[in-house]
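This report examines selected local features of one protein model. The structure is shown below, followed by an account of its side-chain packing and contacts.

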Amino acid sequence: MREHDSFGPATMRKGRRKFDDDEPDFLKRGRLEPRLSEEPDLPEAGDNWSSWDGALHGPVPRPDWVRTEHAAVDDELGMLKTGKEADVFLVRRHIPDTDKVSMLAAKRYRDGDHRLFHRDAGYLEGRRVRRSREMRAMNNRTSFGKEMIAGQWAAAEFDALGRLWQVGQASGLVRVPYPVQLIGTELMLEFIGDWDSGEAAPRLAQVRADPGELADLWRQMTDALSVLARAQVAHGDLSPYNTLVHEGTLVLIDLPQVVDVVANPQGGDFIARDVRNVAAWFTQRGLRVDADDLLDRLLHEAGLR
């Protein structure tokens, strides 16, 4: 199996995988259908066999809870979230009659006429494909081009989560869900929440924290933003609504629009917007923060000043 590339904290920008350049057929993976003359090979227990085999996999070493066994099955437990660009479903992957279980969030990006990414042209600056036909299709927003763009968003989020997860393991300064696998426009990642009840962790916007907890969450936020800046990327759409709080720990989610702040001419503006969005929320809840000082530091760490 192909594994996600390994990046250390000091080498995050070197050798970055370009799924759109190097994997022209990755959108087609995972879409094999049974021959018309055959019945689907379904497990005795569970909705479907695990789709691990044949997918692109997250970074190693993997967490112990990741189920890689061929005997694993997937049960779809319902929708967690619906959004403009993707729907997220809760999936239980397990070995029947054992306690080997993992809970996954399956994020399925829309393509074609149903995709509603906002301001996607700005985010896509700095992302290019080598094939002129594909580039024209993306620029003209043909059906094929829209599917290519959806695949780019899924691959970009998979790549960003993998790199940031590795940095978080090494530094403890940022936390993101572990990206388990990618097939086409479906990204499966660690479910952040209560694995027994299936209840997702609350978003930062839903949290009612006392002054001490609020100050600690702001410290975690600035640490995470600093990690992103030193990696020369911006979240691109950071807000209290795409940040979770799980057992007191801040978890960044929804990174399909991650921006290379060097390649994108608007890179500094994306960092500034991320800072303004989160600083405003903390300020409204009574915490005094210096957004301008934080922005200056982040732009310096990103090499933009």
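In this predicted model, helix 7 spans residues 291-301, and its buried residues are Leu294, Leu295, Leu298 and Leu299. These four lie on the same side of helix 7, because the arc they cover around the axis is only 130 degrees. Their packing partners are helix 5 (211-230) and helix 6 (267-284). On the face turned away from this buried side, helix 7 carries the exposed residues Asp292 and His300.

Both ends of the helix show further local detail. At the N-terminal end, Asp290 acts as the cap of helix 7, with a side-chain oxygen 3.4 Å from the backbone nitrogen of Asp292. Just after helix 7, Gly303 adopts a positive phi of about 80 degrees.

The aromatic side chains form a second topic. The count of aromatic pairs comes to five. Two of these pairs are set out in the table.

| Pair | Distance between ring centres | Angle between planes | Geometry |
|---|---|---|---|
| Trp65 and Trp195 | 5.5 Å | 90 degrees | edge-to-face |
| Trp281 and Phe282 | 5.0 Å | 90 degrees | edge-to-face |

The planes of Trp65 and Trp195 stand at 90 degrees, so this pair is classed as edge-to-face, the cut-off for that class being over 60 degrees. Trp65 is located in the loop between strand 2 (56-57) and strand 3 (73-82), while Trp195 is located in the loop between strand 8 (193-194) and strand 9 (199-200); the pair therefore ties together parts that are 130 residues apart in sequence. What is the relative accessible area of Trp65? The value is 19%, and Trp65 is therefore buried, since the limit for that class is under 20%. Trp195, at 27% relative accessibility, counts as partly exposed. Trp65 and Trp195 also belong to one aromatic cluster together with Trp165 and Tyr178.

In the other tabulated pair, Trp281 and Phe282 are both buried.

A third site involves Glu186, which lies in strand 7 (residues 186-190). Which side chain makes a polar contact with the side chain of Glu186? The partner is Arg108, at 2.7 Å. Leaving aside residues up to four places away in sequence, Glu186 touches Ala106, Lys107, Arg108 and Gln181. Arg108 is thus named both as a polar partner of the Glu186 side chain and among the residues that Glu186 touches.

Methods. Residues numbered from 1 in each chain as written. Predicted model: local features only at pLDDT ≥ 70, side-chain atom pairs only at ≥ 80, totals over all residues. Heavy atoms only, no water. Helix = DSSP H or I, 4+ residues; strand = E, 2+ residues; numbered from the N terminus. Polar contact = N/O pair within 3.5 Å; in protein donor to acceptor, adjacent residues only side chain to side chain. Contact = heavy atoms within 4.5 Å. Phe/Tyr/Trp six-rings, centres within 6.5 Å; stacked < 30°, edge-to-face > 60°. Buried < 20%, exposed > 50% of the residue type's maximum accessible area, 1.4 Å probe, protein only. Arc of directions from axis to C-beta.
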